[in-house]
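Me: I'm new to this one and would like to walk through it piece by piece. Can we take it as a set of short questions?

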Amino acid sequence: MTDLLSLYHVALVVPDLAAAMDTWAPMTAQGWSKPQSAVVNIQWRGEVRETPVHWTYSLGEPPYLELVENCADSVWQTDRVLYHHTGYWTSDMRAATELVESQGMEFEAGGLHGDRRLFAYYLTRDGTRIELVDTVIKPAFDRWVSGGDFG
């Protein structure tokens with residue numbers, strides 16, 4: 001699309017994170033990062049909600065595999081393993097948002113930290129989902145997928 005976006009992961013939403021980590025272990029050369037849990041302010045369906053999220057990424061090099069555990073009444077709700085999105089880093093969330101919206105993509109949900117949107121999901125015209133992620137979190141992410149702690 002442009003150098004404004006850099007592909008780095010594909011995500012699945014799964015009913016049970018531990019079980020999915022076992023199932024998908026043969027497809028990850030170096031194993032899994034430490035599973036993370038956080039309550040995130042999610043803008044979804046016209047509301048901002050505190051939403052508990054539990055997830056992990058494969059270790060090693062991109063593109064990474066992300067597993068997100070089912071979270072009822074959220075953008076991560078599922079009762080089966082489900083392809084969820086393809087994620088892209090962006091150093092300019094505003095410009096990336098303008099770009100994807102100019103391509104006919106519609107905002108679905110986003111994670112907020114104060115007034116700043118750290119990630120956002122967009123639905124493409126064919127119904128698939130992409131995620132834009134602000135590179136402000138990339139240093140913490142890089143430590144985490146190298147086996148360290150996130151943050």
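Me: Where is R45 found?
Reply: Keep in mind that this is a predicted model. R45 has a positive phi of about 55° although it is not a glycine. Most residues other than glycine have a negative phi. As for its place, R45 is found in the loop between β2 and β3.

Me: And is R45 buried or exposed?
Reply: The cut-off for exposed is over 50% relative accessible area. R45 comes in at 62%, so R45 counts as exposed.

Me: Let's step back. Which order do the elements of the protein chain run in, from the N terminus on?
Reply: The secondary structure comes to three helices and eight strands. Going from the N terminus on, the elements run β-α-β-β-β-β-α-β-β-β-α.

Me: What is the radius of gyration of the protein chain, and how does it fit the globule rule?
Reply: The C-alpha atoms fill a box of roughly 40 × 30 × 30 Å along the principal axes. For 151 residues the globule rule gives 15 Å, and the chain is close to that, so it is as compact as a globular protein of that length. The radius of gyration itself is 15 Å.

Me: How much of the protein chain do buried residues make up?
Reply: Start with the outside: the accessible surface comes to about 8000 Å², and 50% of that belongs to carbon and sulfur atoms. To count as buried, a residue has to be under 20% relative accessible area. Of the 151 residues, buried ones make up 46%.

Me: Which residues have the most contacts inside the largest nonpolar core?
Reply: Nonpolar side chains tend to be buried together in soluble globular proteins. Here the largest nonpolar core has 21 residues. β1, β2, β3, β4, β7 and α3 each supply at least two residues of this core. Those with the most contacts inside it are Y8, I42, Y57, W76, F119 and F141.

Me: How many residues are in the other core, the one that lies apart?
Reply: Among its members are L4, M105, Y122 and I130. The count for this other core is ten residues.

Me: What does W76 touch?
Reply: W76 is one of the residues with the most contacts inside the largest nonpolar core. Leaving out residues up to four places away in sequence, its partners include polar or charged names such as T51, E69 and N70. Among the others are V13, I42, V53, V68, C71, H84, F119 and Y121.

Me: What is the nearest side chain of opposite charge to E66?
Reply: E66 has its place in strand β4. Its contacts, not counting residues up to four places away in sequence, include H9, W55, Y57, H85 and E131. E66 is buried yet has no salt bridge. The nearest side chain of opposite charge is 10 Å away, and that is R129.

Me: Which residues are linked with R49 in a network of salt bridges?
Reply: Side chains of opposite charge can pair when their charged atoms come close. E47 and R49 meet in a salt bridge at 3.6 Å, N to O, and D73 forms one with R49 at 2.8 Å. D73 lies in the loop between β4 and β5 and R49 in strand β3, so this pair ties together parts that are 24 residues apart in sequence. The residues networked with R49 are E47 and D73.

Me: What is the relative accessible area of D73?
Reply: D73 also has a positive phi of about 55° although it is not a glycine. D73 counts as partly exposed, and its relative accessible area is 47%.

Me: Is D134 buried or exposed?
Reply: D134 forms a salt bridge with R116, with the closest N and O atoms 2.9 Å apart. The pair links distant parts of the chain, D134 in strand β8 and R116 in strand β7, 18 residues apart. R116 counts as partly exposed at 42%. D134 has a relative accessible area of 5%, so D134 is buried.

Me: Which peptide bond is cis, with omega near 0°?
Reply: Most peptide bonds are trans. P63, which lies in the loop between β3 and β4, takes part in a cis one. The bond with omega near 0° runs from P62 to P63.

Definitions and conventions:
Residues numbered from 1 in each chain as written. Predicted model: local features only at pLDDT ≥ 70, side-chain atom pairs only at ≥ 80, totals over all residues. Heavy atoms only, no water. Core = buried A, V, L, I, M, F, W, Y, C linked by side-chain atoms within 4.5 Å. Buried < 20%, exposed > 50% of the residue type's maximum accessible area, 1.4 Å probe, protein only. Helix = DSSP H or I, 4+ residues; strand = E, 2+ residues; numbered from the N terminus. Contact = heavy atoms within 4.5 Å. Lys, Arg positive; Asp, Glu negative; His and termini not counted. Salt bridge = Lys/Arg side-chain N within 4 Å of Asp/Glu carboxyl O. Rg over C-alpha atoms; globule rule 2.2 N^0.38 Å. Areas by Shrake-Rupley, 256 points an atom, 1.4 Å probe, with all protein chains shown as cover.
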